[in-house]
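Hello,

Here is the structure I promised to pass on to you. Have a look at it first, and then read my notes below.

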Amino acid sequence: MRYFFILLLILPFLSFAQKFEPIPEKSKPGYQFNLQKNFFPTETDYYKKVAELSDSLCYINSLLNNENNAMNEWISIIQQYSRVEATYRVIDLYLFLRFAINMNDEKADRESDSLRNMIRLTRTLIKQKIAAIKVKEADKITTVAPGLTYYIKTIRNEKLHILTPAEEKLIEPYRYTRSSGFYDDAFGKMKFEKLKTADGEIDVLRERSAWENDPDVNIQKSGSRMLFEGYAGQRDFLGYNYIQFIKGLNANAVSRNYEGLINEKLNSWMLPANSLQSFFDNIIKGAKENSEKDSTTKTTAPAPMRFTIQEATGKIEKALSVLGKDYKIEVANLLDPQQGRIDLFGDGNRIPIRGTASVYPVFPSIFYALNYEGYMIDLTLLAHEIGHAVQASLMYKNEVPMIYATGPAYFTESFGKFNELLLFDFLCTNEKDNIKRKVYANELKNKIDVLYGSTHEAYIEYSLVKGILYGNIKTPNDLDSFTVKAGAAIFPGLYKEQPEHKGLWMIMETNFREPLHNINDMIAAALAIKYYQLYKSDKVNFIARYLTLLKEGYHDSPPNLLKSFGIDIRDENFIKSVVEFVVQY
């Protein structure tokens, strides 16, 4: 669960005498994926592309197994590999979307696993071979093809952590220890009660926004309690498997010559070991100052604002147009119902995630959400995920090679979070109605304060991983107690008012999908706030630098990519300045 937003100030005068339709019936066909149009017209076309991918991987593997590849051959191999990765990403996205809209499509899930295992072999082999190239040969390659310099340098710097083929074969039977499949197994067995309200029943999982935005705070609390109770039905199974899962990931990191899982992650984030504690210390201090401002407990709130999908997309398009023509075009194309690139509803057994979007530079970029209910959270989520999808499209049009398609995840997440700030900055600046303007201004403040929410989950996750690895967490009860201790450092009142939040470790999906990812969210929130500061002080120059960052991909280290903004996330003064802005805002 990523969203810990402060309770919204909502319009008191909205009437719901007429049933609200988030997606009007006549518009629904435009808000489901058209996989035939955007991917493969027929199953034959799909299997033809899979066969091409398989043949290309076999060919590259055969080249990699040559002992004496010349300089020009290496350049060709890397370029071919990058193109093959792009082909794989298109197929993988297609299979994911099939499974997302229908989790009964086990064929798509199986084939996705099969292709992933296939390309994993090539990824491993190319790293092993590049790491083994002699220094003089590597220098020759980068002299002739300077565009490959950062890619080759990064791999060779990781040489200590790249295992030989024999070592990889040795640990392959233990891959199951790094699988989070148990989470999906548990989720499939969870049972969630219906929440009864004056207007009917609410599915606390699938209609989460409904109870989160109910004017009656008691309904909000009941919905929260029932959501946690649904997860708690699989608490022991999840808990004991999670503990072993983290131990398995740590053992894998050690086998690759890292000190452990946390050290491996720090290395991938390109951050020094002491940087995390600096982030936590400074943000926790700011959270304490923030909590002292308003300790009032509310029992009711005005009715929430709601937006049809057309209203939401219209506002987002206008808000993000400040980023220029190229950005505006990509937003409009993605949101155009005629394109079949977004999916917001369905009757099938859909993946229960609030939203996800493309991150790799392949066409088409997409957006998927479990549903769309028209609340402020839906508006926010759509703007956020557009940040990912549009960056993917901009990189694709700029022909960024797949070897530079990804970097530390806090970059990508920062672009989504910055879109949230731009959205509400635009709305509270341009709204003429005084009451609505106050609502949007308050939501902008919420988006800045989300630094605390991101840190809340990051600190919990970090504490859980450390507790498991240091031997202090052995049971689900220990997971509960560590969650409360870490979480209360940011939001102490939450655990007193709603003690069921001790089970937050179960609801934080990234705990299982990608452990420690919430730290990326924390850093991303800080970066987004810094972007916003720079944007407000000098829009023209900031936007030019920002679009360059989006378009060019991850061809250099984070310090170098952020240098044009005067940002160094390794410097403690960075997080201090961000927290100071948040506290004073």
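Let's start with a loop: Glu 399 sits between α16 (376-397) and α17 (409-430). Helices here are DSSP runs of H or I with at least four residues, strands are runs of E with at least two, and both are numbered from the N terminus. Glu 399 has a positive phi near 60 degrees, although this residue is not a glycine. Glu 399 is exposed, with a relative accessible area of 68% (buried means under 20%, exposed over 50%, and partly exposed in between, using a 1.4 Å probe and protein chains only).

Before going further, please keep in mind that this is a predicted model, in which local features need pLDDT of at least 70 and side-chain atom pairs count only at pLDDT 80 or more, while totals for chains, interfaces and linings use all residues. Residues are numbered from 1 along each chain as its sequence is written, and side-chain values use heavy atoms, leaving out hydrogens and water.

Met 270 is another residue to find, in the loop between α12 (261-269) and α13 (275-291). Met 270 is not a glycine either, yet its phi is positive, at about 60 degrees. With 31% relative accessibility, Met 270 counts as partly exposed.

A third loop, between β4 (356-357) and β5 (367-368), holds Pro 364. The peptide bond leading from Phe 363 to Pro 364 is cis, with omega near 5 degrees.

Now for the whole protein chain. It has 26 helices and five strands, and 54% of its 585 residues count as buried. The C-alpha atoms fill a box of roughly 75 × 55 × 50 Å along the principal axes.

What about the inside? In soluble globular proteins, nonpolar side chains tend to be buried together. The largest nonpolar core here has 183 residues, and Phe 418 and Tyr 531 are among the six that touch the most other members. Such a core is a set of buried Ala, Val, Leu, Ile, Met, Phe, Trp, Tyr and Cys residues joined through side-chain atoms within 4.5 Å. Helix α3 (residues 71-101) gives the most to this core, with 14 residues.

Which residues does Phe 418 contact, leaving aside its neighbours within four places in sequence? They are Leu 323, Ala 528, Tyr 531, Tyr 532, Tyr 535, Phe 542 and Tyr 546, where contact means heavy atoms within 4.5 Å.

Enjoy exploring!

Best wishes
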